[in-house]
Amino acid sequence: MNEPLFTQIESSRLILRRFRDQDLPSFVAYRNDPEVARYQSWTSLSEREARHFIEEMKIAQPGLRGEWFQFAIEHKASHELIGDCALQVKAEDGRQAEIGYTVARAYHHQGYGREAVATLLEYAFRTLNLHRVFAQADCRNAASVHLLEQLGLRREGHFIQNFWFKGQWIDEYLYAILQDEWLQ
C-alpha cells in the first residue's frame, strides 16, 4: 500500500498525532494508573520504557502490515496528551486491521474515547482504504463494550476463557465493522 505520510488527524475536540518528547510525563502518568491499566495488557511503564516507545513512534508509519502504530490523543483546547489509540494492519491481510485505545482517567466518561476511535476509523477506512477493522474487549470492561457498540461495531464473537490475563483466564468479545458499513 502507498499510504500518505502521516502527520495528524483532527476531530472537533481532539488531535490524533505522533507522540512527542513533551508527552512523556502525561504518558507515564496514565499508563501507571491502575484503573487505566485494569483491562490493558500492561500494568505499568517505566520512564525509560516510555521514552523508548516515544522514540519508536516518532518514526513509525501507520498502515504498515504487521506493525502497531500508536496515535497520541491530544485535547485541542488544553493541548494535553489525554490518551492514545492504536492501529495494526494485519500482516497476513493488508485490508484488515485491529484497533485499541486508552484514555487517561480524568477524561473518562466524557466521550473522548468514542471521538478518538471514530476519528481513527475514519482514517482507517477513508485514508488507508481498509476493508474491515476489529477490536477485542475484555467482557468485564463495560465502558469499552459500550463505546464499540455506540460506534456501530458488531459483536462477532464471544471467546470463553481464551486469554490468560493478569493471573486469570478471561473472556473477550470480538467486535468488527466493514468499510461500507462505516461509510454509510
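The lining of the largest pocket is a mix of 18 nonpolar, 15 polar and 8 charged residues. Here Ala, Val, Leu, Ile, Met, Phe, Trp, Tyr, Cys and Pro count as nonpolar, Asp, Glu, Lys and Arg as charged, and the others, Gly among them, as polar. This is a predicted model, where local features need pLDDT of at least 70 and side-chain atom pairs count only at pLDDT 80 or more, while totals for chains, interfaces and linings use all residues. Residues are numbered from 1 along each chain as its sequence is written, and side-chain values use heavy atoms, with hydrogens and water left out.

**The pocket**

- The largest pocket takes up about 1,200 Å³.
- Its lining is made of 41 residues, and Y39, Q40, Y101, N141 and S144 are the ones nearest the centre.
- On a 1 Å grid over the protein atoms alone, a pocket is an open set of points where a 1.4 Å probe fits, with protein on both sides within 12 Å along at least five of seven lines; lining residues have an atom within 4 Å of a point.
- Grid points are joined across faces, edges and corners, and the volume is the space filled by probe spheres set on the points.

**Strands β2, β3 and β4**

- Helices (H or I, at least four residues) and strands (E, at least two) are DSSP runs, numbered from the N terminus.
- Two strands pair if DSSP finds at least two bridges between them.
- Strand β2 (residues 14–17) runs antiparallel to β3, with 4 bridges joining them, and L16 has I73 in β3 as its bridge partner.
- β3 is also joined to β4, by 7 antiparallel bridges; there, F71 is matched with C85 in β4.
- β3 and β4 make a hairpin with 5 residues between them, and H79 in the turn has a positive phi of about 60°.
- How many of the residues of β3 are buried? The count is 7 of 8, so β3 is largely enclosed by the rest of the structure. Buried means under 20% relative accessible area, exposed means over 50%, and partly exposed is in between (1.4 Å probe, protein chains only).

**Q88 and E98, two buried residues**

- Q88 sits in strand β4 (residues 81–90) and counts as buried because its relative accessible area is 11%.
- A polar atom of the Q88 side chain is 3.1 Å from the backbone oxygen of G66. A polar contact is a pair of N or O atoms within 3.5 Å; within protein, one must be able to donate a hydrogen and the other to accept it, and residues adjacent in sequence count only if both atoms are side-chain atoms.
- Leaving out residues up to four places away in sequence, Q88 touches G66, E67, W68, Q96, A97 and E98. Contact means heavy atoms within 4.5 Å.
- E98 belongs to strand β5 and is buried too, because its relative accessible area is 14%.
- With the same sequence neighbours left out, the contacts of E98 include W68, Q88, F134 and Q136.

**Helices α1 and α3**

- In helix α1 (residues 24–31), the buried residues are L24, F27, V28, Y30 and R31. They pack against α2 (34–37), α3, β3 (68–75), β4 and β5 (93–103).
- E47 is in helix α3 (residues 47–59) and is partly exposed because its relative accessible area is 46%.
- Which residues does E47 touch, not counting those up to four places away in sequence? They are L24 and V28.
- The side chains of E47 and R51 share a polar contact of 2.5 Å.

**Strands β6, β7 and β8**

- Strand β6 (residues 132–138) pairs with strand β8 (residues 168–178) in the antiparallel sense over 7 bridges, and D138 has E172 in β8 as its bridge partner.
- Strand β7 (residues 154–165) also runs antiparallel to β8, joined by 8 bridges, with F163 opposite I170 in β8.
- β7 and β8 form a hairpin with 2 residues between them.

**Two residues with positive phi**

- K166, in the loop between β7 and β8, has a phi near 50°, a positive value in a residue other than glycine.
- N129 is not a glycine either, yet its phi is positive at about 55°; it lies in the loop between α4 (112–127) and β6.
- K166 is partly exposed because its relative accessible area is 39%, and N129 is partly exposed because its relative accessible area is 39%.
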